[in-house]
Protein chains: 2
Amino acid sequence: MENYEKNAIYRLHAEFCQTLSDANRLLIISELSKGEASVNELINHLGLRQSNVSKHLALMRERGLVSTRRGGACIYYSLADKRIFEAIRILMDVHRDLIEKRHSLSNDIHVFSADKR
Amino acid sequence: MENYEKNAIYRLHAEFCQTLSDANRLLIISELSKGEASVNELINHLGLRQSNVSKHLALMRERGLVSTRRGGACIYYSLADKRIFEAIRILMDVHRDLIEKRHSLSNDIHVFSADKR
DNA sequence: TGTACATATGAACATATAGTAATATAAAAG
DNA sequence: CTTTTATATTACTATATGTTCATATGTACA
């Protein structure tokens, strides 16, 4: 019953996370968190190919993360919601702590190889 | 300058998001947020195959999201940090709002064709 | 020891994904 | 109208990913 619904919700959210699971898309989002930018501006700031940036933007627009505005010949992209970047930062904080915890304990993978014989 | 470093950070974080970008992994994390569980318990709660659950758990352990404890014949998995699930919930909230915004406005793709006078 | 149970791992497959070059569209400038 | 600039799209390739079955490992216990 609600298990089915839960599955559907998590499938949706997994897609959302998948949208965030590319370094170039994160860099684009980070740029857009400073304010709207045209494709060209993004290309110059990030050093990526035009078709590459366009594709990432198209995906993110399709999934509602960014919105567009035409201004003359350019198309300006912006974050659909500032909280997108804020949420990413929160996630990054948690992730950083995980990594630190791992490194300080380091009884993580090493336990394994040390035990091997 | 620190552009190189920024890239590295976002590449790392992209991998972290990628770990969250699978519905079954999210379901597992959701289960573990209630407390530790053995592989078998997860299988029964989620209705997934044993090898499938094991593989997802192995990936998440490798990436520091979950930790393990052996108890008799079972291996108990738990979240390495409760905040993992909290951060996911925050992300889900933002995502839900995005979807709602999209549905209510629905001037989403249409802006394009409407704007071109 | 041998058997049952819990979990991990490997091989194989199908599908998804990111990147790129080439081309198409669309607006602005001349 | 033609050219130029900005962006989108397509076709293609290489690689990554999730799932499954079969098998291996490891632990408990008769």
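Let's start where protein meets DNA: of the atoms of DNA strand D within 4 Å of the protein, 68% are sugar or phosphate atoms, and the rest belong to bases. Before going on, a word on the ground rules: this is a predicted model, where local features need pLDDT of at least 70 and side-chain atom pairs count only at pLDDT 80 or more, while totals for chains, interfaces and linings use all residues. Residues are numbered from 1 along each chain as its sequence is written, chains are lettered from A and ligands numbered from 1 in the order in which they are written, and side-chain values use heavy atoms, with hydrogens and water left out.

Back to DNA strand D. There are 23 residues around it, and those that come nearest are Asn40(A), Gln50(A), Tyr77(A), Arg25(B) and His56(B). (A residue is near a molecule or strand if one of its heavy atoms lies within 4 Å of it.) Some of the polar contacts, meaning pairs of N or O atoms within 3.5 Å, go to the phosphates of this strand. Tyr77(A) has a polar side-chain atom 2.4 Å from a phosphate oxygen of DNA strand D, His56(B) has one at 2.6 Å from a phosphate oxygen, and for Asn52(B) the distance to a phosphate oxygen is 3.2 Å. The elements giving two or more residues to the surface near DNA strand D are helix 3 (39-46), helix 4 (50-62) and strand 3 (74-79) of chain A, together with helix 2 (23-32) and helix 4 (50-62) of chain B. Helices and strands here are DSSP runs, numbered from the N terminus: H or I with at least four residues for a helix, E with at least two for a strand. Sorted by class, that surface has six nonpolar, eleven polar and six charged residues. For this sorting, Ala, Val, Leu, Ile, Met, Phe, Trp, Tyr, Cys and Pro count as nonpolar, Asp, Glu, Lys and Arg as charged, and the others, Gly among them, as polar.

Now hop over to DNA strand C. Here 24 residues are around the strand, and Arg25(A), Lys55(A), His56(A), Gln50(B) and Tyr77(B) come nearest. Sugar and phosphate make up 64% of the atoms of DNA strand C that come within 4 Å of the protein. A polar side-chain atom of Arg49(A) sits 2.8 Å from a phosphate oxygen of DNA strand C, while Asn40(B) uses a backbone N or O atom, 2.8 Å from a phosphate oxygen. Gln50(B) goes for a base: an N or O atom in its side chain is 2.7 Å from a base nitrogen of DNA strand C. Two or more residues each come from helix 2 and helix 4 of chain A, and from helix 3 (39-46), helix 4 and strand 3 (74-79) of chain B. The surface near DNA strand C divides into six nonpolar, eleven polar and seven charged residues.

How do the two protein chains relate? Chain B can be laid on chain A with an RMSD of 0.1 Å by a turn of 180° and a shift of 0.0 Å along the axis, which is the relation of a two-fold axis. The superposition is by least squares on the C-alpha atoms of residues with pLDDT of at least 70 in both copies. The same surface serves both copies, as 92% of the contact residues of chain B recur in chain A; contact means heavy atoms within 4.5 Å.

Let's look inside helix 3 of chain A. Its buried residues are Val39(A), Leu42(A) and Ile43(A). They cover an arc of only 100° around the axis, so they sit on the same side of the helix; the arc is that of the directions from the helix axis to the C-beta atoms. On the other side, Asn40(A), Asn44(A) and His45(A) are exposed. (Buried means under 20% relative accessible area, exposed over 50%, and partly exposed in between, using a 1.4 Å probe and protein chains only.) What covers the buried residues includes helix 2 (23-32), strand 1, helix 4 and strand 3 of chain A. Just after helix 3 of chain A, Gly47(A) takes a positive phi of about 70°.Two serines round off the tour. Ser38(A), in strand 1 (residues 37-38) of chain A, is buried, with a relative accessible area of 5%. Leaving aside neighbours within four places in sequence, Ser38(A) is in contact with Cys74(A), Ile75(A) and Tyr76(A). Ser30(A), in helix 2 of chain A, is buried too, at 4% relative accessible area. Not counting residues up to four places away in sequence, Ser30(A) touches Phe85(A), Lys6(B) and Tyr10(B).

Methods
A polar contact is a pair of N or O atoms within 3.5 Å; within protein, one must be able to donate a hydrogen and the other to accept it, and residues adjacent in sequence count only if both atoms are side-chain atoms.
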